[in-house]
Amino acid sequence: MEQYRIGRKLEKIEGAAAPGDMVLVLCGIDEWQALFQGKEIPEYLTGRSNDRFCRSQDLENAVMISVSRPVKHHYPRRSKELYSVTRNQIVIAHDSAAFPDVIEGIAAQKKWDKPTVGKALASVVEECVEDDIVYLAELEERLVAIEEELMGNEVKDFPNRIFGIRKELLGYANFYLQMTDVAQELEENESGVFDTASIKVFRLMKEQFERLLQVVQTLREYTLQLRDVHQTQIDTAQNKTMKVLTVVTTIIMPITLVTSWYGMNFRNMPELYWKFGYAFAGALCVAVATLVLIWMKRKKIL
């Protein structure tokens with residue numbers, strides 16, 4: 001368990017915090033469970049649940065938040081964070097080895113003119129998604145590469161690639177939508193934990209998640225367009241195949257009629273005993289096929 005003093009910046013402290021200090025406490029899920037053991041809180045906030053949703057719960061003089069965040073480059077893996085926020089303390093439990101780096105990054109770079117627990121909370125949440133727009137740009141580049149392959153008819157394994165990206169985008173869309181609701185609830189401040197300045201920060205945080213959600217929705221629409229293009233190419237190829245089969249069938253049918261006609265072998269069919277009968281039948285088949293081809297050319301079927 002690590003502690004940070006919330007002042008103009010985060011400062012790591014050893015031992016107990018001074019009375020009146022605003023503190024951020026970082027712990028593991030096991031420590032969180034021990035800290036809140038026996039307290040009446042929802043199951044999804046106990047740390048024992050595999051809940052994959054983001055939501056907040058207003059308690060008396062406290063706010064508790066559960067966050068299930070997609071791990072970039074490792075979807076469908078998720079990282080879990082639990083927050084307990086009072087007027088002078090934030091307790092954060094996590095299950096990710098990378099999360100302490102988020103706190104260290106805030107301690108090294110972030111400063112507040114008028115520090116509050118609300119501003120510190122918003123900084124932690126925003127730091128967690130800081131690189132999301134870059135990752136979404138990488139997904140867009142992957143989609144552009146697929147589109148270029150489609151235009152060159154060189155795309156390989158299209159269904160698995162496009163549906164893998166769509167599934168990941170769906171996960172991010174759900175995450176941003178849920179975090180927008182969480183930010184909205186923090187802004188409403190029903191518990192009375194946060195001051196006016198913090199509420200303004202939560203409003204900005206909500207707008208950030210709304211923008212990220214809009215980007216994800218745009219990319220999901222892009223995947224639908226690519227899927228439609230791919231399906232159009234498949235339909236076009238099938239139509240070409242059917243056209244070839246139709247032409248061949250149209251040519252063969254009259255010839256089949258001729259051969260069937262002379263295959264009846266009636267005794268009084270004069271061509272059967274005519275010395276030029278075989279040549280005549282062959283010439284008739286060629287003539288019929290030629291006439292059919294000429295007709296198709298004129299009708300612009302070929």
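1. Let's start with the pairing of β5 and β6. Strand β5 (residues 62-70) and strand β6 (residues 78-85) run antiparallel and are joined by eight bridges. For a register check, look at Met-64, which stands opposite Ser-84 in β6. Please keep in mind throughout that this is a predicted model.

2. Now for the sheet around that pair. It is an open sheet of seven strands with mixed pairing, and the order is β2-β1-β3-β7-β6-β5-β4. The edge positions belong to β2 (10-13) and β4 (55-59); each has a single partner strand, so one side of each is left without a neighbour in the sheet. On average, neighbouring strands of the sheet are turned by 20° against each other, direction ignored. As a reminder, strands of a sheet pair through backbone hydrogen bonds, either parallel or antiparallel.

3. Which strands does helix α5 touch as it packs on the sheet? Helix α5 (residues 158-188) touches β4, β5 and β6. The direction of α5 makes about 165° with that of β5.

4. The loop between β5 and β6 deserves a look at its backbone. Pro-76 has its place in this loop, and the peptide bond from Tyr-75 to Pro-76 is cis, with omega near 15°. His-73 is found in the loop between β5 and β6 too. Although His-73 is not a glycine, it has a positive phi of about 70°. Is His-73 buried or exposed? The relative accessible area of His-73 is 54%, and the cut-off for exposed is over 50%, so His-73 counts as exposed.

5. There is another positive phi to inspect, at Asp-157. Its value is about 55°, and Asp-157 is not a glycine. This residue sits in the loop between α4 (132-151) and α5. With a relative accessible area of 46%, Asp-157 is partly exposed, because that class runs between the 20% and 50% cut-offs.

6. Helix α3 (residues 117-128) passes a simple length check. At 1.5 Å a residue, its twelve residues should span 16 Å, and the end C-alpha atoms are 17 Å apart, which agrees. The helix is mostly covered, with ten of its twelve residues buried. Among the buried residues of α3 are Lys-119, Ser-123 and Cys-128, along with Val-117, Leu-121, Val-124 and Val-125.

7. If you are interested in pockets, the largest one holds about 370 Å³ of space. Its lining is made of 17 residues, and those nearest the pocket centre are Arg-69, Lys-72, Ala-98, Val-102 and Cys-128. At least two lining residues come from each of β5, β6, α2 (99-109) and α3. Which element gives the most to this lining? That is α2, with three residues.

8. How many cavities of 30 Å³ or more does a search of the whole structure find? The search finds one. The largest cavity has a volume of about 40 Å³. Its lining consists of Val-67, Arg-69, Glu-81, Tyr-83, Val-125, Cys-128, Val-129, Phe-175 and Met-179. Here β5, β6, α3 and α5 each supply at least two residues. Arg-69 and Cys-128 are worth highlighting on your screen: they line this cavity, and they are also listed among the residues nearest the centre of the largest pocket.

9. Gly-28 is found in strand β3 (residues 23-28). Its relative accessible area is 22%, which makes Gly-28 partly exposed. Which residues is Gly-28 in contact with, leaving aside its neighbours within four places in sequence? They are Ala-93 and His-94. Gly-28 and Ser-66, 38 residues apart in sequence, have their C-alpha atoms 14 Å apart in space.

10. A last point concerns Asp-30, which lies in helix α1 (residues 29-35). Asp-30 is exposed, with a relative accessible area of 60%. Along the chain, Asp-30 and Pro-254 are 224 residues apart, and in the predicted model their C-alpha atoms are separated by 83 Å.

Note on methods
Residues are numbered from 1 along each chain as its sequence is written. This is a predicted model: local features need pLDDT of at least 70, side-chain atom pairs count only at pLDDT 80 or more; totals for chains, interfaces and linings use all residues. Side-chain values use heavy atoms; hydrogens and water are left out. Two strands pair if DSSP finds at least two bridges between them. Helices (H or I, at least four residues) and strands (E, at least two) are DSSP runs, numbered from the N terminus. Axes are lines fitted to C-alpha atoms, for helices over the stretch in contact, and angles run from 0 to 180 degrees between N-to-C directions. Contact means heavy atoms within 4.5 Å. The expected span of a helix is 1.5 Å times one less than its number of residues. Buried means under 20% relative accessible area, exposed over 50%, partly exposed in between (1.4 Å probe, protein chains only). On a 1 Å grid over the protein atoms alone, a cavity is a set of points where a 1.4 Å probe fits but cannot get out, and a pocket is an open set with protein on both sides within 12 Å along at least five of seven lines; lining residues have an atom within 4 Å of a point. Grid points are joined across faces, edges and corners, and a volume is the space filled by probe spheres set on the points.
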